[in-house]
Amino acid sequence: MQKVKEKIIEAILLICSSITVLTTIGIIIILAIETFQFFKDVSIVEFFTGTEWTPLFANKKFGILPLVSGTLLTTFIAILVALPLGLTIAVYLNEYADKRFKAVIKPLLEVLAAIPTVVYGFFALTFITPILQSFIPSLAGFNALSAGLVMGIMIIPYVSSMSEDALSAVPNSLREAAYGMGSTRLQTAFKVMLPAASSGVIVSVILAISRAIGETMIVAVAAGQEPRLTFNPLNSIETITTYIVQVSMGDVPQNSIEFRSIFAAGITLFGLTFILNNISFWMKRKFVQRYE
Amino acid sequence: MNKLEAKDVNLHYGEKHALKGISMGIKANSVTAFIGPSGCGKSTFLRCFNRMNDLIDNCRVEGEILIDGRDIYKNRINVVDHRKKIGMVFQKPNPFPKSIYENVAYGLRINGISHKKYLDETVEKSLRQAALWDEVKDDLKKSALALSGGQQQRLCIARTLAVEPSVILMDEPASALDPISTAKIEELIHDLKDRYTIVIVTHNMQQAARVSDNTAFFYLGELIEYDETSNIFTNPAKEATQNYVTGRFG
């Protein structure tokens with residue numbers, strides 16, 4: 001009797017854990033089938049090299065590059081904000097701050113990542129953009145710049161918290177060696193601790209990039225819906241995620257080519273973040289090996 | 001005048017009274033060994049000489065520590081500059097995750113020296129002094145972490161020698177090493193004595209007897225006895241010292 005009970009519990013646990021795996025597999029299958037259908041009508045070469053994306057116009061063009069450029073542009077701006085700020089915060093918390101101060105500040109910073117992104121989106125659209133427009137008159141109402149800046153603030157905790165964890169994992173003996181040689185705090189932090197924690201820091205940055213690439217609400221609200229192959233941040237652009245939202249919420253009929261295009265866009269996005277996550281997974285393993 | 005001088009040094013970790021009224025003088029160009037059972041305060045006392053205890057929260061030092069007659073716990077002392085003159089070698093080899101060359105050049109670089117020829121010469125000279133040059137001269141660009149434990153420890157000594165300190169503090173420098181590496185380190189200590197004042201903490205009594213001129217025995221935060229090494233090991237004045245060096249406790 002006991003044995004049967006054990007078996008049942010084991011089966012239930014197995015089913016629970018299978019659900020996550022099956023869901024992932026299901027998503028990939030659906031993405032793949034719909035994308036396959038899509039590429040029956042649209043040339044794969046045109047899709048990856050075309051410079052115009054006009055699936056909702058009468059003259060349909062399916063070149064994903066404008067969406068990719070929009071995604072990369074906002075992501076780049078976000079990293080430009082998050083990397084220096086996040087690293088500075090991590091170094092400050094690890095090397096300078098009082099332990100009690102760090103215990104309070106670190107969770108508070110992580111709250112930044114918990115704010116609903118739609119709030120960030122409206123913050124960018126109704127607060128940041130008007131302020132920036134007073135400096136830069138040519139700035140469009142919807143633009144990559146303010147969406148990128150605000151997204152940068154959102155991902156600061158990804159960089160700062162995880163980099164701080166990586167810095168904390170560096171053996172204290174290295175810090176002692178640095179101070180013993182007569183290093184200042186700044187030298188200890190930037191010449192010894194950061195290089196020693198470099199793979200952990202890189203992992204944090206890659207995960208932050210993945211997060212920025214996949215971010216939807218901020219760019220959908222504040223960056224516009226104009227697919228445009230440009231790297232000028234003052235323009236209104238469209239990201240891959242925004243396009244998916246735009247079509248999903250519109251009245252495009254199922255099984256039409258417009259409908260299928262969101263799956264092709266989705267798989268492009270999935271491919272990007274999948275590669276980045278794998279790189280970070282690989283770096284993380286390398287890092288653990290070195291210090292244990 | 002003594003190179004190093006401690007006058008009535010008391011140290012507290014929070015509530016714990018870890019060093020109790022220690023006074024002693026250390027002559028220039030000598031090797032002094034600190035011995036005693038674990039937790040007796042010998043490492044803590046060693047770390048007073050380069051103010052490494054400053055890195056620990058709740059650590060309070062009272063009394064005077066003089067180096068060349070200057071009190072290093074006075075406020076106007078620049079701790080960073082002071083540490084540059086006092087080299088330190090730790091229990092566990094702790095090379096930086098950089099190349100062999102960059103490890104040795106580190107101390108010069110943080111002092112703003114970047115003259116290539118001078119760096120090359122100093123790196124070679126320091127590695128030779130640390131008896132490591134012949135083993136690594138062909139792969140100076142290799143990561144220091146790829147070296148063996150004994151080589152890493154000699155690299156750490158070379159790193160310290162590169163900035164030409166006048167004092168070298170060694171905190172159980174051979175405790176993590178095999179006997180052959182240990183013998184090399186001891187030989188090195190012997191060679192370095194002419195130019196440096198060396199203070200070494202060790203758990204290994206034979207090592208203390210082999211390398212040091214003077215030995216200080218610590219017990220429960222107090223300095224029990226301090227004398228020439230031969231006296232400590234053959235004819236100690238205190239019974240506690242006698243018991244410790246003959247292995248009856250500790």
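# A tour of chains A and B

In chain A, among contacts between residues at least 6 apart in sequence, 73% join residues at least 24 apart. Keep in mind as you look around that this is a predicted model.

**Stop 1: chain A as a whole.** Select chain A and colour by secondary structure. You should find 12 helices and zero strands, so the order of elements from the N terminus reads α-α-α-α-α-α-α-α-α-α-α-α. The C-alpha trace spans about 75 × 70 × 35 Å along its principal axes. Of the 292 residues in chain A, 39% are buried.

**Stop 2: two domains.** Next, give separate colours to residues 2-41 and 65-291 of chain A, which are domain 1 and domain 2. Their C-alpha centres lie 30 Å apart. Where they meet, six residues of domain 1 of chain A are in contact with eight residues of domain 2 of chain A. What kinds of residue make up the side of domain 1 of chain A that touches domain 2 of chain A? Two are nonpolar, two polar and two charged.

**Stop 3: the annotated transmembrane regions.** An unreviewed UniProt entry puts the annotation "transmembrane region" on residues 12-33, 64-87, 108-129, 135-159, 192-213 and 262-283 of chain A. Try two of these spans, beginning with residues 12-33 of chain A. That stretch is 100% helix and 0% strand, with its end C-alpha atoms 30 Å apart. Then move to residues 64-87 of chain A, where the span is 96% helix and 0% strand and the end C-alpha atoms lie 33 Å apart.

**Stop 4: helix H5 of chain A.** Select residues 117-135 of chain A. This helix has 19 residues and reaches 26 Å from its first C-alpha to its last, close to the 27 Å expected at 1.5 Å a residue. Where is the kink in H5(A) centred? Look at Ala124(A), where the kink is about 35 degrees. Ala124(A) is also one of the buried residues of H5(A), along with Tyr120(A), Gly121(A), Leu125(A) and Thr129(A). To see what covers them, add helix H6 (144-169) and helix H10 (217-222) of chain A, which are included in that cover.

**Stop 5: Met193(A).** Now go to helix H8 of chain A and pick out Met193(A). Is Met193(A) buried or exposed? It has 24 C-beta neighbours inside 10 Å, and the cut-off for buried is 20 or more, so Met193(A) counts as buried. Leaving aside residues up to four places away in sequence, Met193(A) touches Asn94(A), Glu95(A), Leu167(A), Val170(A), Arg175(A) and Thr188(A). For a sense of scale, draw a distance from Met193(A) to Lys3(A): the two are 190 residues apart in sequence and 53 Å apart in space, C-alpha to C-alpha.

**Stop 6: where chain A meets chain B.** Show both chains together. Here 15 residues of chain A are in contact with 17 residues of chain B. On the chain A side, helix H7 (172-180) and helix H8 (185-196) each supply at least two residues. H7(A) gives the most, with six residues. By class, this side of chain A has seven nonpolar, six polar and two charged residues.

**Stop 7: the annotated domain of chain B.** Switch to chain B and select residues 4-245, where an unreviewed UniProt entry places the feature "domain: ABC transporter". The span is 36% helix and 26% strand, and its end C-alpha atoms lie 25 Å apart.

**Stop 8: helix H6 of chain B.** Within chain B, select residues 149-161. The 13 residues of this helix should span 18 Å at 1.5 Å a residue, and the end C-alpha atoms are indeed 18 Å apart. How many of the 13 residues of H6(B) are buried? The count is 12, so the helix is largely enclosed by the rest of the structure. Among these buried residues are Gln151(B), Arg154(B), Cys156(B) and Arg159(B). Display the surroundings next: the cover includes strand E6 (86-89), helix H3 (100-109), helix H4 (116-129), helix H5 (133-136), strand E7 (167-171) and helix H7 (179-192) of chain B.

**Stop 9: two loop residues of chain B.** Finish with backbone geometry. Ala131(B) sits in the loop between H4 and H5 of chain B, and its phi is positive, about 55 degrees, although it is not a glycine. With 16 C-beta neighbours inside 10 Å, Ala131(B) counts as partly exposed. Leu220(B), in the loop between strand E9 (214-219) and strand E10 (222-228) of chain B, has a positive phi of about 50 degrees although it is not a glycine. Leu220(B) has 14 C-beta neighbours inside 10 Å and therefore counts as partly exposed.

Methods. Residues numbered from 1 in each chain as written. Chains lettered and ligands numbered in written order. Predicted model: local features only at pLDDT ≥ 70, side-chain atom pairs only at ≥ 80, totals over all residues. Helix = DSSP H or I, 4+ residues; strand = E, 2+ residues; numbered from the N terminus. Expected span 1.5 Å × (residues − 1). Bend = angle between axes of the 7 residues up to and from the residue. Contact = placed C-beta atoms within 7 Å. Nonpolar A, V, L, I, M, F, W, Y, C, P; charged D, E, K, R; others polar. UniProt positions renumbered as here; feature names shortened; annotations may be inferred. Domains from an automatic or database assignment.
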